[in-house]
Amino acid sequence: MEGAAEDTVVDDTVTVKGTALETRGEVTATCYDASGTRMATCTTEGAIHVWDRVDGPDGAPGHWRQTAAWAAHRSACRAVAFAGAEFGRCLASSSDDGTICMWREGVRAPGAAAAAAATAAAEAGSSEWERCAQLRDSTKPVSHLSFAPADHGLQLAAAGDDGAVRFYSPSDPLALAGWELCNESEALRPGARCVAVAWRGRGVDEGAQVPGGHENPDGSHAPHGGRTRHGITVPPALAAALRWPDGVNAVRVLSYDEAAMRWVAAATVYEGPAAVNALAWAPKTRTGDTDDVVAVALGADVGLFRVDTMGLVGAASLGAAGGVASLEATLSHPAVVRVCDWNAVGDTLATSAEDGRVRLWAANVATGTWEEQAQLVGE
């Protein structure tokens, strides 16, 4: 994993020196917290490892140090995800047997002695994390976890081999207690496997709501969207990639219909034979932009699709499927792309392919054409 201490630049290729990390079993997934200085990995042995970055005295990124490790699942652990910093140190994990576990870092007692003990435990890699919930609503592997943006409250989306996307929330967010299934969305055609999920964040010109959402009449948790400058509320939305045994792949946008208290299909981003391996929903940071952009890894290409934001509003209010997104650009790679992710402002996309390289892409300011800006290569 990459705690860059020194960079060597050759043309547009950057060779990155990093820190080699040892884990209990083969690593199956990795996630970072909001600060980017804490990382969690999970393995085929069902273990979770938490790592903290130790920076240099001058603030330069340093090496990664294990601060905690524990046996989390009896079968292979397939996904891990940190909740937003607003909700404390909360981590979710899922496994091949369909189990989802919620974890929180142990609360430190007050006082200098307790602080010293916590520091010593972290340095020894034995900080305590306690399980605050164990959920199981699927008998098949759950391989994708993603927490909603903080504006939607503390809510976890989970998906896997049964094709359903399930949404979980706690009855007591402060204590991270009382986790329960609050909603779910099944594939429109049976037999699908969900291979990726990505939340839509609130646009810069959509007014903030009070974090935490509200309750439906039946007591279940209801997420909420952001209100535009025109007074229109954009509902919470999530992109989900599905794969069927006959080779058909699709990316659907689900939006929350508050009137019906359920998630509905709002748009089709992609449907075709190319295997979808990853999704990334771009942050919407330009005022007045009426479209959202979703990056879809399609084999050795990444398609950038534009989704009409107002189309999400109409589809949710009607409770029916919306329109088809338009393809803005195709980013070609020499190998299959497995991961893609946007920067904080949504103008640069990072992609990771099976050739071992991370590529950075951005639109040319003069022409608007998407171009490769740099490559990162590990030692």
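Asp-161 sits in the loop between strand S12 (156-160) and S13. The model is predicted. With a relative accessible area of 25%, Asp-161 is partly exposed, because it falls between the 20% limit for buried and the 50% limit for exposed. Leaving out residues up to four places away in sequence, Asp-161 touches Lys-140, Pro-141, Ser-143, Ala-192 and Arg-193. Gly-191 is 30 residues away along the chain, and its C-alpha atom is 8.9 Å from that of Asp-161.

**Two open sheets**

Strands S11, S12, S13 and S14 form an open sheet in the order S11-S12-S13-S14. The pairing is antiparallel. Strand S11 (142-147) and strand S14 (177-185) are the edges, each pairing on one side only. Neighbouring strands here are turned by 25° against each other on average, direction ignored. S13 covers residues 165-172 and pairs with S14 over 7 bridges, in the antiparallel sense. One bridge partner is known by name: Val-165 faces Ser-185 in S14.

The loop between S13 and S14 holds Leu-176. This residue has a positive phi of about 55°, although it is not a glycine. Most residues other than glycine have a negative phi. Is Leu-176 buried or exposed? Leu-176 is buried, because its relative accessibility is 4%.

Another open sheet of 4 strands has the order S7-S8-S9-S10, and its pairing is also antiparallel. Its edge strands are S7 (77-82) and S10 (129-136), each paired on one side only. The average turn between neighbouring strands of this sheet is 20°, direction ignored. Strand S8 (residues 90-95) and strand S9 (residues 99-105) run antiparallel and are joined by 5 bridges. Cys-90 stands opposite Arg-104 in S9.

**Nonpolar cores**

The largest nonpolar core has 22 residues. Which of them touch the most other members? They are Val-251, Val-253, Val-269, Val-276, Leu-279, Trp-281 and Val-296. Several strands each supply at least two residues of this core, among them strand S15 (193-199), strand S20 (237-243) and strand S25 (301-308). S22 gives the largest share, 4 residues. Val-269 is in contact with Val-251, Val-253, Val-296, Phe-305, Val-307 and Ala-325, leaving aside neighbours within four places in sequence. A second, separate core of 20 residues includes Ala-79, Ile-100, Leu-135 and Leu-145.

Met-261 lies in the loop between S21 and S22. Its phi is positive, about 55°, although Met-261 is not a glycine. Met-261 counts as partly exposed, at 30% relative accessibility.

**Salt bridges**

The structure holds 18 salt bridges. Three of the pairs are listed here.

| Pair | Closest N to O | Separation along the chain |
|---|---|---|
| Arg-38 and Asp-52 | 2.8 Å | 14 residues |
| Asp-292 and Arg-200 | 3.0 Å | 92 residues |
| Glu-271 and Arg-252 | 3.2 Å | 19 residues |

Side chains of opposite charge can pair when their charged atoms come close.

Take Arg-38 and Asp-52 to begin with. Arg-38 is in strand S4 (residues 38-43), and Asp-52 lies in strand S5 (residues 47-54). Both residues are buried. The relative accessible area of Asp-52 is 16%, so it is under the 20% limit. Not counting neighbours within four places in sequence, Asp-52 is in contact with Thr-37, Arg-38, His-63, Trp-64, Arg-65 and Thr-67. The two residues also belong to a network of salt bridges that links Arg-38, Asp-52, Arg-89 and Glu-105.

The pair of Asp-292 and Arg-200 links distant parts of the chain. Asp-292 is in strand S24, whereas Arg-200 is in the loop between S15 and strand S16 (214-215). Asp-292 is buried, with a relative accessible area of 1%. Arg-200 is buried as well, at 3%.

Glu-271 and Arg-252 join strand S22 to strand S21. Where Arg-252 is buried, with a relative accessible area of 13%, Glu-271 is partly exposed, with 49%.

Technical notes: Residues numbered from 1 in each chain as written. Predicted model: local features only at pLDDT ≥ 70, side-chain atom pairs only at ≥ 80, totals over all residues. Heavy atoms only, no water. Pairing = 2+ DSSP bridges. Axes fitted to C-alpha atoms, helices over the stretch in contact; angles between N-to-C directions. Buried < 20%, exposed > 50% of the residue type's maximum accessible area, 1.4 Å probe, protein only. Contact = heavy atoms within 4.5 Å. Core = buried A, V, L, I, M, F, W, Y, C linked by side-chain atoms within 4.5 Å. Salt bridge = Lys/Arg side-chain N within 4 Å of Asp/Glu carboxyl O.
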